[in-house]
Every structure is written in structure tokens, then in C-alpha cells.
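Me: I've got a model open and some of the labels on it puzzle me. Can we go through how they are earned?

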Amino acid sequence: MTVTTATALVDSLLSVLANSRQTIDEINAVCTAKELPPALKESDTSAIGIVGNPDYRFEGFGVILVRPFPPKFALSFWVHYKPESDQHIALGRFTVPISVFDVGKFKF
């Protein structure tokens with residue numbers, strides 16, 4: 001049951017990210033500015049249309065309230081290149097807009 005819940009959560013996270021081209025472009029622009037390979041790229045073989053570079057770690061996921069009325073939410077997370085190595089570079093915190101209906105999917 002725990003594996004099923006974790007898989008559903010990861011699928012939800014990836015699908016929200018895949019639907020935010022602006023955030024993907026923003027993350028990859030930071031990678032380019034730091035002379036790093038892209039963190040995410042389009043893929044015909046992935047069910048959601050994007051794949052992540054295994055040299056990156058996405059962590060610290062949470063839902064934030066951007067605006068109280070009308071309510072506007074975002075999924076917030078941090079991106080790191082080669083964490084736990086001598087080449088570690090923190091890329092920063094990024095957000096993806098989500099609907100009020102999606103907030104319940106991300107109860108951590």
C-alpha cells in the first residue's frame with residue numbers, strides 16, 4: 001500500500017511538472033547559465049512526455065499559498081545538481097502553479 005501511494009504521488013508530481021512548460025524552461029535556463037546539462041527534456045518514450053537527468057535531485061516538495069483570494073496555489077521544490085558530491089550545485093527553488101483541486105493530491 002505504501003508503494004502504491006508513493007507511486008501515485010510521484011506520478012502526480014511528474015504530471016504537474018510536465019504540464020508546466022514555463023517551469024521546465026526556467027529550470028533548464030538556470031542549468032544553461034551555470035553551464036550544466038539540462039535537468040529535464042522531452043521524451044517520446046515517457047508516458048508523461050518528459051524525462052529527468054539522473055544527475056539532478058528534486059526535493060523539498062510542498063504546496064504554498066500564492067494568493068488567498070481568489071485562492072492560488074503552487075507546488076514548490078528545490079533542484080540540485082549532483083548532490084552529495086564535490087560537483088554539487090544548488091540550482092534554487094522553483095514553483096509550478098496548481099489548481100485548488102490538485103492541492104489534495106499533495107498532502108505530504
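**Sheet and pocket**

Reply: Sure. Strand 4 (residues 72–81) and strand 5 run antiparallel and are joined by 9 bridges. Keep in mind that this is a predicted model.

Me: What makes strand 4 and strand 5 a pair?

Reply: Pairing takes at least two bridges found by DSSP. Strand 4 and strand 5 have 9, so they count as paired. Within that pair, phenylalanine 77 stands opposite phenylalanine 94 in strand 5.

Me: Which order do the strands of the open sheet follow?

Reply: The order is 3-4-5, three strands with antiparallel pairing. Strand 3 (56–67) and strand 5 (89–98) are edge strands because each has a single partner strand, leaving one side without a neighbour in the sheet. From one strand to the next, the twist averages 20 degrees.

Me: What lies across strand 3, strand 4 and strand 5?

Reply: That's helix 2 (residues 21–33), which runs at about 170 degrees to strand 5. Angles are taken between N-to-C directions on a scale from 0 to 180 degrees, so about 170 degrees means that helix 2 and strand 5 point in nearly opposite directions.

Me: How do you know what class of residue dominates the lining of the largest pocket?

Reply: By counting: 12 nonpolar, 2 polar and no charged residues. Leu and Phe both count as nonpolar, so the residues closest to the centre, Leu14, Leu17, Leu40, Phe58 and Phe61, fall in that class. The volume of this pocket is about 200 Å³.

Me: Which element gives the largest share of that lining?

Reply: Helix 1, with 4 residues.

Conventions: Residues are numbered from 1 along each chain as its sequence is written. This is a predicted model: local features need pLDDT of at least 70, side-chain atom pairs count only at pLDDT 80 or more; totals for chains, interfaces and linings use all residues. Side-chain values use heavy atoms; hydrogens and water are left out. Helices (H or I, at least four residues) and strands (E, at least two) are DSSP runs, numbered from the N terminus. Contact means heavy atoms within 4.5 Å. On a 1 Å grid over the protein atoms alone, a cavity is a set of points where a 1.4 Å probe fits but cannot get out, and a pocket is an open set with protein on both sides within 12 Å along at least five of seven lines; lining residues have an atom within 4 Å of a point. Grid points are joined across faces, edges and corners, and a volume is the space filled by probe spheres set on the points.
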